[in-house]
Amino acid sequence: MGRLDGKVAIVTGAAQGLGEALVKRIAEEGAKVVGVDLNEEKLKETMAKYGEHTLGLKLDVTDENGWQEIVDTTIETFGKVDVLVNNAAMMSNKGVLDLKPEEYMKVMQVNSLGTLLGIQKSIPKMQENGGGSIVNIASIGALKSGAADGGDAAYSASKGSVRALSKHVAHNFAKDNIRCNSVYPGGIMTDMLKKVFDESPDLWESNKAASPLPNHIADPVDIANGVVYLASDDAKAVTGTELIIDNGNMTH
Ligand SMILES: NC(=O)c1ccc[n+]([C@@H]2O[C@H](COP(=O)([O-])OP(=O)(O)OC[C@H]3O[C@@H](n4cnc5c(N)ncnc54)[C@H](O)[C@@H]3O)[C@@H](O)[C@H]2O)c1
């Protein structure tokens with residue numbers, strides 16, 4: 001029996017990286033999954049790997065009307081929304097003194113507003129359905145700086161807002177049996193990061209020093225397993241929590 005049997009989940013940023021691992025693990029645990037992403041071509045390729053109970057739909061998470069269409073299509077196709085995972089995000093790769101206002105706002109729109117819109121459009125359906133679970137992917141960049149946020153001021157601020165929004169939603173919708181938790185990955189060994197480490201062994205050495213558990217960096221599945229727990233009824237008493245999955249980075 002799967003831990004998410006009978007549930008319906010929406011996952012943003014599903015085309016690649018952690019998003020793909022989320023789709024895979026959530027589908028393996030028995031849920032039907034609607035994966036959304038800006039990159040339609042890659043999304044279709046990815047979703048096709050995970051079976052007939054998945055659906056890939058193009059969405060820019062900053063598009064309010066687009067979000068309404070995703071939620072409506074999810075209801076039409078699978079009947080309800082039990083789980084929302086806000087995973088899509090972008091970086092600016094700029095520090096405070098280099099960041100242009102429009103670059104800051106773009107990161108805030110995708111990472112922060114995109115998360116809010118998904119929550120706004122899903123909650124009424126979760127209320128009708130007697131409850132739900134929202135999991136927001138933040139970053140240890142919301143909790144500390146330096147290598148944790150890649151020196152990216154907008155990213156760090158946006159993930160801090162995801163942290164605060166998660167608490168707000170947890171508090172205000174607990175009465176409706178809607179739980180909202182946030183997850184704080186350290187490094188995740190995605191294909192892109194693997195390439196960076198292969199090309200810059202020094203960066204790998206500093207990552208090793210920062211994250212003391214022996215494998216030093218999380219695999220996407222390590223983060224996805226935490227999300228499965230929070231999405232499932234195993235976590236029925238858990239809301240407003242902050243799950244750090246970082247190979248020990250936050251221990252120093
Ligand atoms: N990779 C890491 O080391 C790391 C560390 C900490 C936290 N995180 C967080 O984990 C999550 C996933 O990271 P990843 O490494 O898999 O990222 P990624 O860049 O590989 O994938 C992000 C996905 O989001 C999609 N996306 C971007 N903007 C979008 C938009 N406006 N609308 C819809 N989709 C959009 C992209 O097309 C892409 O498919 C993010 O929230 C990220 O902040 C990652």
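Before I begin, one definition: when I say that two residues are in contact, I mean that they have heavy atoms within 4.5 Å. With that in hand, let me turn to Lys121, which sits in helix 4, the helix of residues 101-128, and which, once its neighbours within four places in sequence are left aside, is in contact with Glu64, Trp67, Gln68 and Val71. Please keep in mind throughout that what we are looking at is a predicted model. Is Lys121 buried or exposed? Its relative accessibility is 15%, and because buried means under 20%, Lys121 counts as buried.

Staying with helix 4, I would like to look at how it packs against helix 5, which covers residues 153-173. Two packed helices are described by the angle between their axes and the distance between the axes. For helix 4 and helix 5 the angle is about 15° and the axes lie 8 Å apart, and since angles under 35 degrees count as roughly parallel, these two helices are roughly parallel to each other. The crossing of helix 4 with helix 5 is right-handed. On the helix 4 side the residues that meet helix 5 include Tyr104, Met108, Leu116 and Gln127, while on the helix 5 side they include Ala154, Lys159, Leu165 and Phe173. Sorted by class, this contact has 13 nonpolar, six polar and one charged residues.

A second pair is worth setting beside that one, namely helix 1, residues 17-28, and helix 8, residues 220-231, which pack at an angle of about 50° with their axes 9 Å apart. That angle makes helix 1 oblique to helix 8, and their crossing is right-handed. Helix 1 contributes Leu18, Ala21, Leu22, Arg25 and Ile26 to the contact, and among the residues that helix 8 contributes are Pro220, Ile223, Asn225 and Val228. By class, we find ten nonpolar, one polar and one charged residues here.

This leads us to the interior. In soluble globular proteins, nonpolar side chains tend to be buried together. In this model the largest nonpolar core has 32 residues, and those with the most contacts inside it are Val11, Leu22, Ile26, Val85 and Val183. Two or more residues of this core come from each of strand 1, helix 1, helix 2, strand 4, strand 5 and helix 8. If we take Ile26 and set aside residues up to four places away in sequence, we see that it touches Leu4, Ala9, Val11, Ala31, Val33, Val85 and Val228. There is also a second, separate core of 25 residues, which includes Val36, Leu59, Ala88 and Val110.

Finally, a few words on the loops. Ala15 lies in the loop between strand 1 and helix 1, and at 1% relative accessibility it counts as buried; beyond its neighbours within four places in sequence, its contacts include Asp37, Asn39 and Lys42. Ser232, in the loop between helix 8 and strand 7, is buried as well, with a relative accessible area of 0%, and, with neighbours within four places in sequence left aside, Ser232 is in contact with Arg3, Leu4 and Arg179.

And what of Asn93, in the loop between strand 4 and helix 4: is it buried or exposed? At 63% relative accessibility, Asn93 counts as exposed, and its C-alpha atom is separated by 18 Å from that of Leu143, which is 50 residues away along the chain.

Terms used
Residues numbered from 1 in each chain as written. Predicted model: local features only at pLDDT ≥ 70, side-chain atom pairs only at ≥ 80, totals over all residues. Heavy atoms only, no water. Axes fitted to C-alpha atoms, helices over the stretch in contact; angles between N-to-C directions. Helix = DSSP H or I, 4+ residues; strand = E, 2+ residues; numbered from the N terminus. Parallel < 35°, antiparallel > 145°, perpendicular 65-115°, else oblique. Left-handed = near helix turned anticlockwise from the far one by under 90°. Nonpolar A, V, L, I, M, F, W, Y, C, P; charged D, E, K, R; others polar. Core = buried A, V, L, I, M, F, W, Y, C linked by side-chain atoms within 4.5 Å. Buried < 20%, exposed > 50% of the residue type's maximum accessible area, 1.4 Å probe, protein only.
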